[in-house]
Amino acid sequence: MQSVAVIGAGQMGAGIAQVSAQAGYNVFLADISLDVAEKGKAGIAKLLERSVTKEKISAAERDETLARIQPVSDYAPLAEAGLIIEAATENEAIKRKIFESAGALLGGDAVLASNTSSIPITRLAQASPDPARFIGVHFFNPVPVMGLIEVIRGLATSNETVAKVESFGQRLGKRIVHANDAPGFIVNRVLMPMLNEACFALGEGVATIADIDAACQLGLNHPMGPLTLADFIGLDTCLAITRVLFEGTGDPKFRPAPLLVKYVEAGWLGKKTGRGFYDWTGAEPVPTR
Ligand SMILES: NC(=O)c1ccc[n+]([C@@H]2O[C@H](COP(=O)([O-])OP(=O)(O)OC[C@H]3O[C@@H](n4cnc5c(N)ncnc54)[C@H](O)[C@@H]3O)[C@@H](O)[C@H]2O)c1
């Protein structure tokens, strides 16, 4: 396989395009317009520039990587790609439309994959031309830094499709783990209940934001506390994934913490809006309770 295509040039899609190009693949990068795809590539150029300054990569490597990434205005060139990875907005209707139009161009033995965090792969596969060649490849943010890919097979995914994605992931230097098509896969299934529980603890007055985070960071040897991490991920995203776990399993242990719901309703979504559990508008995050 020589070429991969990435649809969606946001934070995840750009990251996937970058690591694919660094691994030597030719990459087609698509978004809702050529302009947005080119902005995605410009973001990659900035990150690579930083790596050159820090002497992590050479200027030649930067140029070669960028030369392999081709922003495209429509899906026609995607017919050449052996693997098409959809990394567009987490919205099922948007993703289904993409699978229908990109699927029409899918080469004879090419694979269509989704980077969805929470939508069942078996259900999404129904919008693809061949569910045997449809699979979940779940990268982590930021893609160039995080060493993991969760591979999720749908009910109809073939062994050849799994093997193709495995060899792609290996060439990227990522560790691959296999998860069944269950709500939250592995990482979010384990992580979100912890973040949600931290919200319950805060809401019930067990401890302050600073103490909940310090306790978990130092007591569990985590790089940061759960409320800080939730602010980084986005509280709306945390709530959406928790709801997927709750609705997908029907198990009340996954019910969203009322305080998390309230923060989202208030528009306090974390770092991206300047306020979540912390106030992020100054030089240092400040706990708000
Ligand atoms: N952010 C994370 O930490 C993370 C981690 C793993 C997986 N994901 C998943 O990756 C996907 C993308 O998330 P993101 O954080 O990069 O979002 P993002 O908002 O940064 O990027 C989404 C991109 O999709 C584009 N898009 C929207 N509609 C489109 C269409 N019809 N055709 C082509 N492109 C379209 C948008 O213009 C945008 O550039 C989602 O499915 C998300 O659940 C996110």
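In which helix is the place of Ile-209? In this predicted model, Ile-209 belongs to helix α8, which covers residues 209-219. Ile-209 counts as buried because 21 other C-beta atoms lie within 10 Å of its own, the threshold for burial being 20 or more. Its contacts, leaving aside residues up to four places away in sequence, are Leu-202, Leu-227, Phe-277, Pro-287, Thr-288 and Arg-289. One of these contacts, that with Pro-287, joins residues 78 positions apart in sequence, whose C-alpha atoms are separated by 6.2 Å in space.

Helix α4 was examined in terms of its length, its buried face and its packing partners. The 12 residues of α4, residues 92-103, should span 16 Å at 1.5 Å a residue, and the C-alpha atoms at the two ends are 16 Å apart, which agrees with that expectation. The buried residues of this helix are Lys-95, Ile-98, Phe-99, Ala-102 and Gly-103. Viewed down the axis of α4, these buried residues fall within an arc of 110°, and they therefore line one face of the helix. Such an arrangement can be read against the general geometry of the α-helix, in which there are 3.6 residues a turn, so that residues three or four places apart point the same way. The face of α4 turned away from the buried side carries the exposed residues Ala-93 and Glu-100. On the buried side, the residues of α4 pack against the strands β1 (3-7), β4 (83-86) and β5 (111-114), and also against helix α5 (121-125).

Helix α4 also contributes to the surroundings of the ligand, since α1 (11-22), α4 and β6 each supply at least two residues of the shell. The shell comprises 24 residues, of which the closest to the ligand are Gly-8, Gly-10, Met-12, Ser-117 and Asn-141. With 3 residues, α1 gives the most to this shell. Divided by class, the shell holds 12 nonpolar, 10 polar and 2 charged residues.

Asn-141, one of the closest residues to the ligand, also precedes a cis peptide bond, the bond from Asn-141 to Pro-142 having an omega near -5°. Pro-142 itself is located in the loop between β6 (134-139) and β7 (148-153).

Two further loop positions are marked by their backbone geometry. Glu-55, although not a glycine, has a positive phi of about 60°, and its place is in the loop between α2 (34-53) and α3 (59-67). Phe-185, likewise not a glycine, has a positive phi of about 50° and lies in the loop between β8 (175-180) and α7 (187-203). As to their environments, Glu-55 counts as exposed because it has 7 C-beta neighbours inside 10 Å, whereas Phe-185, with 22 C-beta neighbours inside 10 Å, counts as buried.

Strand β3 (residues 69-72) shows an alternation of its side chains, in which Ile-69 and Pro-71 point to one face and are buried, while Gln-70 and Val-72 point to the other face and are not buried. Strand β2 (residues 26-30) runs parallel to β3 and is joined to it by 4 bridges. Within this pairing, the partner of Val-27 is Ile-69 of β3, a residue on the buried face of that strand.

How values were computed
Residues numbered from 1 in each chain as written. Predicted model: local features only at pLDDT ≥ 70, side-chain atom pairs only at ≥ 80, totals over all residues. Expected span 1.5 Å × (residues − 1). Buried ≥ 20, exposed ≤ 12 C-beta atoms within 10 Å, placed from the backbone. Arc of directions from axis to C-beta. Contact = placed C-beta atoms within 7 Å. Near = placed C-beta within 6 Å. Nonpolar A, V, L, I, M, F, W, Y, C, P; charged D, E, K, R; others polar. Pairing = 2+ DSSP bridges.
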